[in-house]
Amino acid sequence: MRKVKLTKESTKDILENLLKRSPNNYGKYEDAVTTILAKVRAEGDAALFEYTKEFDKVDVTKETIRVTQEEIDEAYKLVDPSLIDVIRKALVNIRSFHEKQLQNSWFTSTTDGTMLGQKVTALNRVGVYVPGGKAVYPSSVLMNIVPAKVAGVDRIVMTTPPGKDGKVNPSTLVAANEAGADEIYKVGGAQAIGALAYGTESIPKVDKIVGPGNIFVALAKKAVYGYVSIDSIAGPSEILVLADETANPHYIAADLLSQAEHDEMASAILITTSEEFADQVDKEVIGFVEKLSRKAIIEKSLENFGYILIAEDMDEAIEAANEIASEHMEIVTRNPFEDMMKVRNAGAIFIGQYSSEPLGDYFAGPNHVLPTNGTAKFFSALSVDDFIKKSSIVYYSREALKKIHKDIVQFATSEQLTAHANSIAVRFEDEDKENE
Ligand SMILES: NC(=O)c1ccc[n+]([C@@H]2O[C@H](COP(=O)([O-])OP(=O)(O)OC[C@H]3O[C@@H](n4cnc5c(N)ncnc54)[C@H](O)[C@@H]3O)[C@@H](O)[C@H]2O)c1
Ligand SMILES: N[C@H](CO)Cc1c[nH]c[nH+]1
Ligand SMILES: [Zn+2]
């Protein structure tokens, strides 16, 4: 990991380097994605079968593209029962966290002859993309489906690439079934996003597509945005640890590597006020890397996007952390709750030495689909809010409208929108004429 003294200049350089990881810098794949989307739109299922053969080396047909109940039953036999128990325990936590996010419709009182309100309605059909290229993510299945389910979405359509044997990974299927997916299709990549956005003979068009994926998935989501809604463009994972000399360097090193192992483009950053602590963490990182199975990926991500930053004091450290706006932030300092109150930008904040980031990835309850690439400055975690929409409700009695109708007529006339003015005026034209 690169050890750097924190200054305004070094923070700027680091931010520039981190931005190289943004899906916005992968224009070179845009043409390929545009071609895939256009073909899926024009040819439907036939294009899905062709691309699945080309990219996933699997033959799917009209008969096999949808996961059957038998395949789900078979998956339950293949997954370790104790893992099924863990998935169920995680589900309880994730569900109860998201239930607290539910919003109610509201309506004002009607004493003055008016009633205003906001009606909350769940989305009708949602598409959940579950990545399955290089690794499998049953935890992401739970994180994407549970908030949709809690919101009350009618139909949850999941897609995921098939493995080399033409089947969906069994633990992904178990997680999907436990969380409440209504239907599951064996298709991945940009072609899956096209199918969910436009609909094909087999796959229904949805209103919104959520879920992380590789660069082809990210660019396809970006391209269909507006035609359907999307959650966000999730980039490679990030962790930023804010720690002082009271933290345990062995633990902090382990936490940094937990996200570095996701991707060669993942970032792992330590900001600390103690140079001695920084060296201890660096040493621990080197010790750990040798023993971890994804050593090659970790080494690459640390080489490119791994930093140990030395700050003068905690305020300077927090200021830099706010600039970086990391997806995950751990605060392991003398006064972590006090420091947390000064943090403005982070997707999720983990406090104290026993709240290591993977606790949030799998189990605690908050969603692990989080804003990356500095977008925590304006985006939030995936939540129930992503699966609802709000309709405004307006009711005025005749008396209530009569009291203010002239104001509206004047306002509309000032915009030279006489049809608007007329639609109000016609309701009172006889009285208004009499009163002239
Ligand atoms: N932010 C989160 O919550 C979160 C959670 C889990 C995973 N992720 C990320 O999601 C990503 C998953 O990527 P993945 O590749 O493992 O799975 P994926 O399912 O996103 O991608 C696999 C698909 O990509 C398509 N593809 C592969 N090569 C292609 C090519 N040359 N041209 C066109 N299409 C091609 C194939 O159709 C294949 O089905 C990783 O970056 C991982 O870090 C993020
Ligand atoms: N940390 C990832 C999001 O950045 C989510 C994940 C899934 N499985 C393990 N981790
Ligand atoms: Zn993770």
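**Two ligands and a parallel sheet**

An oxygen atom of ligand 1 sits 2.9 Å from a polar backbone atom of Gly132. That distance, like the others I will give, comes from a predicted model.

Staying with ligand 1, a second backbone contact involves Asn214, with a polar backbone atom 2.8 Å from an oxygen atom of the ligand. Gln191 contributes through its side chain, where a polar atom is 3.0 Å from an oxygen atom of ligand 1. How much of ligand 1 does the protein cover? On its own the ligand has 880 Å² of accessible area, and the protein covers 85% of it. Three helices each give two or more residues to the shell: H3 (45–56), H8 (189–198) and H9 (215–224). There are 23 residues around ligand 1, and those that come nearest are Asp56, Tyr129, Gly132, Lys134 and Asn214. By class, the shell has eleven nonpolar, nine polar and three charged residues.

Now ligand 2. The residues around this ligand include Tyr137, Ser140, Gln259, His262 and His328. Ser237 places a polar side-chain atom 2.9 Å from an oxygen atom of ligand 2. Asp361 has a polar side-chain atom 2.9 Å from a nitrogen atom of the ligand, and an N or O atom in the side chain of Ser139 is 3.3 Å from a nitrogen atom of ligand 2. Taken alone, ligand 2 exposes 290 Å², of which the protein buries 89%. Helix H6 (138–151) and helix H15 (358–362) each supply two or more residues to this shell. The shell around ligand 2 divides into two nonpolar, seven polar and three charged residues.

Next, the sheet. In what order do the six strands run? The order is E1-E11-E10-E9-E12-E13, in an open sheet with parallel pairing. Strand E1 (2–5) and strand E13 (348–351) are at the edges with a single partner strand each, so one side of each has no neighbour in the sheet. From one strand to the next, the twist averages 20°.

At the E13 edge, four bridges join that strand to E12 (residues 328–332), and the two run parallel. Within this pair, His328 stands opposite Ala348 in E13. His328 is also one of the residues around ligand 2.

Two helices lie across part of the sheet. Helix H11 (residues 275–289) lies across E1, E9, E10 and E11, and runs at about 150° to E10. Helix H12 (residues 295–305) lies across E1, E10 and E11, at about 45° to E11.

Methods
Residues are numbered from 1 along each chain as its sequence is written. Chains are lettered from A and ligands numbered from 1 in the order in which they are written. This is a predicted model: local features need pLDDT of at least 70, side-chain atom pairs count only at pLDDT 80 or more; totals for chains, interfaces and linings use all residues. Side-chain values use heavy atoms; hydrogens and water are left out. A residue is near a molecule or strand if one of its heavy atoms lies within 4 Å of it. A polar contact is a pair of N or O atoms within 3.5 Å; within protein, one must be able to donate a hydrogen and the other to accept it, and residues adjacent in sequence count only if both atoms are side-chain atoms. Accessible areas come from the Shrake-Rupley method with a 1.4 Å probe; for residues, only the protein chains shown count as cover. Ala, Val, Leu, Ile, Met, Phe, Trp, Tyr, Cys and Pro count as nonpolar, Asp, Glu, Lys and Arg as charged, and the others, Gly among them, as polar. Two strands pair if DSSP finds at least two bridges between them. Axes are lines fitted to C-alpha atoms, for helices over the stretch in contact, and angles run from 0 to 180 degrees between N-to-C directions. Contact means heavy atoms within 4.5 Å.
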